[in-house]
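The exercises below concern one helix and one sheet. Work each task on the structure before reading its solution.

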Amino acid sequence: SAQLPAARQPVMCRPAHPTRAHAAKAGLAETVIYVDVDGVLNVGLRTHEGGPALLLNQANVRWAMGAGRDAALTGRRREAAARLAAAADRFGDLVCPDHKEFSSVLVRRLALILKAARGKRSVVLTSTWREPESAERLGLLREEIAGQMGGSFDFDARTEVLPEATACDRLRSIGRHVAQRCAAHGAPPRLSVVILDDFFVGALDGWDVDGRRMRSAGDVEAYVRRAAGTAVEVRVRLLHCYTEWADAGGLRIQAAVGLTRQHIEEAREFLAGVDGAGGGRRSGAAAAPVAVKLGRRPSLGGLGLAASVVCCLGLSSLARCFGLAI
């Protein structure tokens, strides 16, 4: 009698998204994510033109709350306290604890962006934290990112350590790194570039880089595409972690606000290719940050700056700043 054919192994369906091991065969673009730290994984405030940024951490918020006890507090110190108060009111859940200079909430958002990158992915550190004197705090940050990623983590590369004092310096550094990656042996046919940066707590207000004005995210993306050359198809997306507004007294507050939920969604869409093959905005696209006018607070008369800070923050914001339950 005829024998029945041997049973075949069941046919397995291929996953909808190729794993990283099969990325090269599937022809997916390589993704490079350029990560700044200050202003991206913490909140920073510009004090005055050319001055250092104020870190929104518990120690600085405590100082702002107590500043009203100094009746002679005037000028830049008084403005610094007012800026810290306004920022803590808006971003109380992002205040850094005293023992570290990054926000766990913002690191969690970075991890979501990293996980959204399919195929081969490289994470490049662009921050001043790449310099040798920042080794200890960078180690703490790597551990935090690893915990959010659910495994080991390290930055795959760092941009060249050169003097950086302006947004122009930072953008040139990123452009050089992209150009070197595209010119290197074994460069991918397609490259997706994501830039997470606040550009030194700076607006895209027309600063000049090699004769080109940066007035929008589209201008920054176009600059990087030009730097990459034509050998590799390059898509670029800038997530600019910056906004500004004026308080009730008209004080201008410029803030590097870290990664927002909107940034996460924008990164996911870009990395999924939802924005189309070109992947870049036109030069001049994307408006400058909207200046928000806060509601006028009641006059506090002789109560001093400390009372003004408490009024500005409110109990719920103070609780978020200091991890209190109320």
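The model is predicted.

**Exercise 1.** Determine which residues of α7 are buried, and decide whether the helix is enclosed or open.

Solution.
1. Apply the cut-off: a residue is buried under 20% relative accessible area.
2. In α7, Ala217, Gly218, Asp219, Val220, Glu221, Ala222, Tyr223, Val224 and Ala228 are buried.
3. These are nine of the twelve residues of α7, so the helix is largely enclosed by the rest of the structure.
4. Among the elements that cover these buried residues are α6, β6, β7, β8 and β9.

**Exercise 2.** Compare the span of α7 with the expected one, then inspect both ends.

Solution.
1. α7 covers residues 217-228 and reaches 17 Å from its first C-alpha to its last.
2. At 1.5 Å a residue, 16 Å is expected, and the span of α7 is close to that.
3. At the start of α7, the backbone nitrogen of Gly218 has a side-chain oxygen of Ser216 within 3.3 Å.
4. Just after α7, Gly229 has a positive phi of about 85 degrees.

**Exercise 3.** Establish the strand order of the five-stranded open sheet and find which helices pack on it.

Solution.
1. The order is β5-β4-β1-β6-β9, with parallel pairing.
2. β5 and β9 each have a single partner strand, so one side of each lacks a neighbour in the sheet.
3. β1 and β4 pair over five bridges; in β4, Val123 is the bridge partner of Ile33.
4. α6 packs on the sheet and touches β1, β4, β5, β6 and β9, its direction making about 160 degrees with that of β6.
5. α8 lies across β1, β6 and β9, and runs at about 175 degrees to β9.

Methods
Residues are numbered from 1 along each chain as its sequence is written. This is a predicted model: local features need pLDDT of at least 70, side-chain atom pairs count only at pLDDT 80 or more; totals for chains, interfaces and linings use all residues. Side-chain values use heavy atoms; hydrogens and water are left out. Helices (H or I, at least four residues) and strands (E, at least two) are DSSP runs, numbered from the N terminus. The expected span of a helix is 1.5 Å times one less than its number of residues. Buried means under 20% relative accessible area, exposed over 50%, partly exposed in between (1.4 Å probe, protein chains only). Contact means heavy atoms within 4.5 Å. A polar contact is a pair of N or O atoms within 3.5 Å; within protein, one must be able to donate a hydrogen and the other to accept it, and residues adjacent in sequence count only if both atoms are side-chain atoms. Two strands pair if DSSP finds at least two bridges between them. Axes are lines fitted to C-alpha atoms, for helices over the stretch in contact, and angles run from 0 to 180 degrees between N-to-C directions.
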